[in-house]
Amino acid sequence: MSSVAPFKPAANFAKKAHINTQAEYQKLYESSINEPENFWAEMAEELHWFKKWDKVVEYDFRKGEIKWFIGGKLNVSYNCLDRHVLAGNGNKTALLWEGNDPAESKSYSYSELLSEVQKCANVLKSNGIKKGDRVCIYMQMIPELAIAMLACTRIGAVHSIVFGAFSSDSLRDRINDSACKMLITQDSGVRGVKQDIPMKVNADTAAAECPSIEKILTVRRTGLEVNMKSGRDIYWHEEMDAADAECPVEEMDAEDPLYILYTSGSTGKPKGVLHTTGGYLVYTSLTHKYVFDYHEGDIYWCTADIGWVTGHSYIVYGPLANRAITMMYEGVPNYPDYGRFWKIVEKHKVNILYTAPTAIRALMKEGTSWPEKYDLSSLQLLGTVGEPIKEADWTWYNEVIGKKRCPIVDTWWQTETGGILITPLPGVTATKPGSATIPFFGVLPVILDEQGNELEGAAQGYLAIKAAWPSLMRTVYGDHDRFIQTYFARFPGYYFTGDGARRDEDGYYWITGRVDDVLNISGHRIGTAEVEGAIGRTDGVAEAAVVGFPHDIKGQGIYAFVTMMTGVDADDTTITAIENTVRKLIGPHAKPDKIQFTPALPKTRSGKIMRRILRKIAEGNVDQLGDISTLADPGVVTNLVDQRQ
C-alpha cells in the first residue's frame, strides 16, 4: 500500500469542477444508492428520449436479469450527433484524428460527422443490413471506424468490433459466434513501423469460413491493391459517394442490443459481452462528464484502441453524447520516436489525457528528456485505465507530465461493466497512488470472503458489486447460462467481478488482480486457456500451461511452460514456431514473453495442473512454493526451479 500521504485536488482545479466538495459527492452518492430510481431518472433526462421510460430499473442478479429505463425509446446516433446539430452546434469540433504519420491529421465538425454517419447508414441499408443484424468491424484506428459504429446505431444494427491486431482465426470465431452479416474492414493498416498490416487479407481468410457474411465493405486507407470478390466485396468510397446524406434514425428500445464485444474468459472460448442502448449511454455520458470533469471546449484524448471497451465508451459514445471534442490516434506512443504522445498534446493543446500504465511505463523508461521537449501546459487532468498503476509510474506521470498540478483519475472498470465503477472525482477525492479510491454514483462495491460473507472496514478478499448500475452487460451473446455461471453463481445476489481487492481504513479500494485464469497484458485481458490452446497446436507440443509474471512494461507478461511429445527435442526453431502459432491463432499481443520447456508439469494425483506453483516459479518466488506433497511427482518442481527462465 502507498506510503505517500493522499494528494488533495489543487484548489484552482476544484474551484471550477462540476463536483467540488466532499459533501456534494456524499449527497449525490447516497441519493444514487438509497433512491436509485429518482437519481437515475434525473440523470437520464440529460439525453434525448423519443418516449420516456415506464419504469427506471428492474433486476434479479440470481437469474442474471437486468433492465433499465423499461419502455423508453431513444437512439444513440441521434444523442451523439443530431441533437447537438439541431441545437445550433453543428460547426463545433466533434472528432480530431491524428494519423500514424505526424503529417496526417483530420478534423470533423458535428455537422460533418452527422453527414458521414447518415451516408454510411444508407450504405448499410442498401446492402441488406436492418435493425437487429450484426455487423463486424475489423479496422485500425481510422475515422471510418467511428463513423461505421455510429451508422450501425442509427439503423439499429448491432456492431461487433474486433481489435485490429487479432488474427484471421480470432476474427472468424467472433464473426461466427454472433453470425454477422457484414464485415467492414480496410485494405491494409499502418501502426508505428508496421506499414502493411494485412487487414483485407485477414478479412478474406476469415470470411472463407464464415457462412453468415454476405458483404465485405472495404475502406481504402493505404491504396494497397487487394482482392475484391465480385458480388460480395464493395469499396467504402464508391458506396459513400453514391449514398444519400439523409437517413432517419431508428427508435430503439432502451433494452435493444447496442453492441457485442468479445472478452477473454478463463475457458478458451471468448465471451460475447452484450451491451444495450439506454442504460449504457446514460452511464457512459455521466461518467465521462464527472470523472474527467469535462467542460465545453476541452480537448479530450483517450489513447485506447476502439477495439477494446475503453475506446467504445470513452472515445466514441460517452464523449460524443456530451458534445465533447474527442480525439483518436492511429499510431503508437513511440513512433516515430518517444516524443510522439507529447508532440500530439502540444499540437492539439490537449486538456485531458486518458491512457494506460503500460504506455506510461514504456515512456518513463526513456527518461524525462522527451516530454521536456514539448509544451504540456494545456494539460489539466490525467487519467489511467487497464490495470492498477504502480506508485513509481504514478509519481512520474504526476511530476513529469502533470507538473504536480493535474489531478490523476485512476479508473477501475471492465468490459462487462460498460463504464467506470471505482474512481476519484478530480475536484473532490484525495488520491493515493495505486488506489482506484471510491465508488462512482450508483455503484455499491463489497469485499467478500471465500464463503460470500461481506467484510466490514479495512479488509481484503473478492470484489463484488451489490446492486445493478445502468451500463452493466445484459448477457453473454447466445449463452445466458454462461453469463449467470460466470458472474452471479459463485456469490448469489452479487455481481462477481473476478478481481481481488483490498479496502483500506479510509474506505479506498485497491485492486489486487484477477482471481481466475485471465491475464492482464498491457491492459488487454487474455484467457490462459486460449493461449495454451494455441501453443498446443504447434507441431511437437504435447501440453502447455501459461501463467502471468511481473513485467516492467506490460504490467503482466506471459510465461509458458511447455512439454514436448516424447522423442521431440525443443530448440530455437520450436520457440519461433510457438510464437508464430500464437500470433496466427490469437494475435501478436498474446505471444509468450518467456518459454520454459519441461518434461512434465506439476500435477495433482487427479491430473490437475498446480498453477499456484507455476506462478511462483514464473515470478521468481521459488521460496514460496508452499505444500507440494499433494503432487503426483514432487520431483517435477525441482526441475522447473532449476530450469527457470
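Two strands count as paired if DSSP finds at least two bridges between them. The exercises below apply to a predicted model.

**Exercise 1.** How many bridges join strand S14 to strand S15, and do the strands run parallel or antiparallel?

*Solution.*
Step 1. Locate the strands: S14 covers residues 257–263 and S15 covers residues 271–276.
Step 2. Count the bridges: there are 6 between S14 and S15. The cut-off for pairing is at least two.
Step 3. Read the direction: S14 and S15 run antiparallel. As an example of the register, Tyr262 stands opposite Gly272 in S15.
Step 4. Add the helix on this part of the sheet. Helix H11 (residues 309–321) touches S14 and strand S7 (158–161), and its direction makes about 145 degrees with that of S14.

**Exercise 2.** Which strands stand at the edges of the open sheet of 8 strands?

*Solution.*
Step 1. Write the order: S12-S11-S8-S6-S7-S14-S15-S24, with mixed pairing.
Step 2. Take the edges: strand S12 (233–235) and strand S24 (475–476) each have a single partner strand, so one side of each lacks a neighbour in the sheet.
Step 3. Place helix H8 (residues 199–207): H8 lies across S8, strand S11 (215–219) and S12, at about 155 degrees to S8.

**Exercise 3.** Which residues of helix H20 are buried, and what do they pack against?

*Solution.*
Step 1. Apply the cut-off: buried means under 20% relative accessible area. In H20 (residues 635–642), the buried residues are Val636, Val637 and Leu640.
Step 2. Look down the axis of H20: the buried residues fall within an arc of 95 degrees, so they line one face of the helix.
Step 3. Name the partners of these buried residues: strand S30 (555–564), strand S31 (594–597) and helix H19 (611–619).

**Exercise 4.** Ala179 and Asp293 are not glycines, yet what is the sign of phi in each? Is each one buried or partly exposed?

*Solution.*
Step 1. Recall the background: most residues other than glycine have a negative phi.
Step 2. Take Ala179: its phi is positive, about 45 degrees. Ala179 lies in the loop between helix H7 (168–178) and strand S8 (182–186), and its 33% relative accessibility makes it partly exposed.
Step 3. Take Asp293: its phi is also positive, near 45 degrees. Asp293 sits in the loop between helix H10 (278–291) and strand S16 (299–302) and is buried, at 3% relative accessible area.

**Exercise 5.** Where is Pro336, and is the peptide bond from Tyr335 to Pro336 cis or trans?

*Solution.*
Step 1. Find the loop: Pro336 is between strand S17 (325–329) and helix H12 (340–348).
Step 2. Check omega: the value is near 0 degrees, and the Tyr335 to Pro336 bond is cis.
Step 3. Set this against the general pattern: most peptide bonds are trans.

Terms used
Residues numbered from 1 in each chain as written. Predicted model: local features only at pLDDT ≥ 70, side-chain atom pairs only at ≥ 80, totals over all residues. Heavy atoms only, no water. Buried < 20%, exposed > 50% of the residue type's maximum accessible area, 1.4 Å probe, protein only. Helix = DSSP H or I, 4+ residues; strand = E, 2+ residues; numbered from the N terminus. Arc of directions from axis to C-beta. Contact = heavy atoms within 4.5 Å. Axes fitted to C-alpha atoms, helices over the stretch in contact; angles between N-to-C directions.
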